[in-house]
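Student: Could we go through the charged pairs and the surface of this model together, one step at a time?

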Amino acid sequence: MEQLSARAPQLVNEGEAIIDALKQGENVTHISESLFPLFRPSVQPYMNSLLRQDPCSLLSQRKGKTLIVQGERDLQVTKEDALALYADNEKQVALRLVGSMNHVLVEVNDNLEDNLASYQNPSLAIHEELIDSIIEHT
């Protein structure tokens, strides 16, 4: 809902109604064209399952090393989300913030249009700092 509020506030009410229905285990059939890519019928079972999860609780149950890598130019998951996940589990996890990485794990500048365009560009390489972080923590 944070993403919709920031980029398409006119869709927030519909988005909230869809999410509420999914949380109740219902399938939603009437979805506007604008929200169809997010809530199309094929992803609703996944969304329903996802909405019932508590990431902090799941991580606290995990045994072994865990690395949280967060791109600071991620348009979907915020730095604050990563920090909250880390704060609840800091004894068992490592956190690495990557300033120029976005949600699709590539390096981007601070231009929104360039960031969005990277989602459709399979030729972009995975961010080097992500690779280095994984290597360092294995």
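Tutor: Let us begin with a residue in this predicted model: Glu 129 has a relative accessible area of 29%, and so it counts as partly exposed.

Student: Which residue does the side chain of Glu 129 meet in a salt bridge, and what is the N to O distance?

Tutor: Side chains of opposite charge can pair when their charged atoms come close. The partner of Glu 129 in this salt bridge is Arg 96, and the N to O distance is 3.4 Å.

Student: How many residues apart in sequence are the parts that Arg 96 and Glu 129 tie together?

Tutor: Arg 96 belongs to strand S2, whereas Glu 129 sits in helix H8, which covers residues 128-136. Because the two residues lie in these two elements, their pairing ties together parts whose separation in sequence is 33 residues.

Student: Which residues are linked with Arg 96 in a network of salt bridges?

Tutor: The side chain of Arg 96 also meets that of Glu 136 in a salt bridge, with an N to O distance of 3.8 Å. Glu 136 lies in helix H8 and Arg 96 in strand S2, so this pair ties together parts that are 40 residues apart in sequence. The residues linked with Arg 96 in the network are therefore Glu 129 and Glu 136.

Student: Is Glu 136 buried or exposed?

Tutor: The cut-off for the exposed class is a relative accessible area over 50%. Since Glu 136 has a relative accessible area of 55%, its class is exposed.

Student: What is the distance between the closest N and O atoms in the salt bridge of Glu 72 with Lys 79?

Tutor: Glu 72 is partly exposed at 39% relative accessibility, and Lys 79 is likewise partly exposed, at 32%. This pair forms one of the 3 salt bridges that the structure holds, and its closest N and O atoms are separated by 3.5 Å.

Student: Turning to nonpolar side chains, which residues form a patch on the surface, and what is their accessible area together?

Tutor: One member is Leu 105, found in the loop that runs between strand S2 (93-98) and helix H7 (112-118). With 36% relative accessibility, Leu 105 counts as partly exposed. The nonpolar patch is formed by Leu 105, Ile 126, Ile 131 and Ile 135, and their accessible area together is about 340 Å².

Conventions
Residues are numbered from 1 along each chain as its sequence is written. This is a predicted model: local features need pLDDT of at least 70, side-chain atom pairs count only at pLDDT 80 or more; totals for chains, interfaces and linings use all residues. Side-chain values use heavy atoms; hydrogens and water are left out. Patches are made of residues with over 30% relative accessible area and no salt bridge: like charges are joined within 9 Å, nonpolar side chains (Val, Leu, Ile, Met, Phe, Trp, Tyr) within 5 Å. Accessible areas come from the Shrake-Rupley method with a 1.4 Å probe; for residues, only the protein chains shown count as cover. A salt bridge is a side-chain nitrogen of Lys or Arg within 4 Å of a carboxyl oxygen of Asp or Glu. Helices (H or I, at least four residues) and strands (E, at least two) are DSSP runs, numbered from the N terminus. Buried means under 20% relative accessible area, exposed over 50%, partly exposed in between (1.4 Å probe, protein chains only).
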